[in-house]
Amino acid sequence: MPCYEFEGLVPVVDPTAYVHPTAVLIGDVIVEAGVYIGPNASLRGDYGRLILQRGSNLQDGCIMHGYCDMDTVVEADGHIGHGAILHGCVIKRNALVGMNAVVMDGAVIGEDSIVAAMSFVKAGFQGGAKQLLMGQPAKVVREVTEQDLHWKGLNTLEYQILAQRSAKTMQLVTPLTRSKANRPRLKGVTEVQPKALPA
């Protein structure tokens with residue numbers, strides 16, 4: 001993984017975290033135990049500190065950045081979907097930010113909350129626990145249910161185990177020129193299935 005020192009600050013990555021080799025970590029970045037960081041994620045700690053707490057994930061193409069004297073934080077078991085942007089915000093414990101969502105400076109997403117895909121959370125938003133946020137700008141549309149949290153937990157567990165699977169088996173290879181007969185299919189470890197979140 002490309003890690004860069006910036007003005008004397010070197011990224012910190014727990015040995016049990018998995019950071020894909022194409023992800024980029026710059027400067028004041030702290031990655032705790034069991035974290036998964038996906039391909040082409042950019043964590044640019046050249047102003048504010050970026051923190052991914054234990055068991056969280058930051059998926060493919062995500063961006064984390066923030067202003068000076070601000071921490072951008074994904075707390076324990078936080079789940080950040082493909083292409084999301086976090087800028088100077090705090091994602092509380094066990095919250096989910098959906099694909100291509102944007103969470104702006106000073107915003108706080110409450111614990112056990114869900115930000116729907118493609119939503120835009122305005123600067124300074126202060127969320128509570130178990131809120132489902134949707135829209136541009138995002139608004140609270142309902143409370144997160146136990147069923148929602150069960151589904152979210154299965155997804156997060158998949159990424160926690162994917163960090164271990166990736167560390168053990170991922171390697172750079174030359175592609176095959178054709179698919180072999182009876183090519184096996186990959187499996188997850190839970191019964192998670194795609195799920196719509198009705199408003």
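In the predicted model, tyrosine 18 has tyrosine 36 of β5 as its bridge partner. This pair belongs to the contact between β3 and strand β5 (residues 36–37), which run in the parallel sense over two bridges. Strands of a sheet pair through backbone hydrogen bonds, in either a parallel or an antiparallel sense.

Both strands are part of an open sheet of eight strands. The order is β3-β5-β7-β10-β13-β16-β18-β19, and the pairing is mixed. The edges are formed by β3 (18–19) and β19 (138–143), each of which pairs on one side only.

Helix α1 was examined next. With 24 residues at 1.5 Å a residue, α1 should span 34 Å. The C-alpha atoms at its ends are 34 Å apart, so the expected and computed spans agree. The buried residues of α1 are Asp148, Leu149, Trp151, Lys152, Leu154, Asn155, Thr156, Glu158, Tyr159, Ala163 and Ser166.

Threonine 156 lies in helix α1. Its relative accessibility is 2%, and this residue therefore counts as buried, the cut-off being under 20%. Beyond neighbours within four places in sequence, threonine 156 is in contact with Gly55, Asn57, Asp77 and His79.

Empty space was considered last. Such space is revealed by rolling a probe the size of a water molecule over the atoms. The largest pocket holds about 430 Å³ of space. Of the 22 residues in its lining, those closest to the centre are His79, Leu96, Met99, Trp151 and Asn155. Two or more lining residues come from each of β13 (96–97), β16 (114–115) and α1 (146–169). Helix α1 gives the most, with five residues. Trp151 and Asn155, both among the residues closest to the pocket centre, are also listed among the buried residues of α1. His79, another residue closest to the centre of the largest pocket, is in contact with threonine 156. By class, the lining of the largest pocket divides into 14 nonpolar residues, seven polar and one charged.

The second largest pocket has a volume of about 210 Å³. Its lining consists of Leu176, Arg178, Ser179, Arg183, Pro184, Arg185 and Leu186. Three of these lining residues are nonpolar, one is polar and three are charged. The charged residues here are Arg178, Arg183 and Arg185. Leu176, Pro184 and Leu186 count as nonpolar, and Ser179 counts as polar.

How values were computed:
Residues numbered from 1 in each chain as written. Predicted model: local features only at pLDDT ≥ 70, side-chain atom pairs only at ≥ 80, totals over all residues. Heavy atoms only, no water. Pairing = 2+ DSSP bridges. Helix = DSSP H or I, 4+ residues; strand = E, 2+ residues; numbered from the N terminus. 1 Å grid on protein atoms, 1.4 Å probe; cavity = no way out; pocket = protein on both sides within 12 Å on 5 of 7 lines; lining within 4 Å. Points joined across faces, edges and corners; volume = space filled by probe spheres on them. Expected span 1.5 Å × (residues − 1). Buried < 20%, exposed > 50% of the residue type's maximum accessible area, 1.4 Å probe, protein only. Contact = heavy atoms within 4.5 Å.
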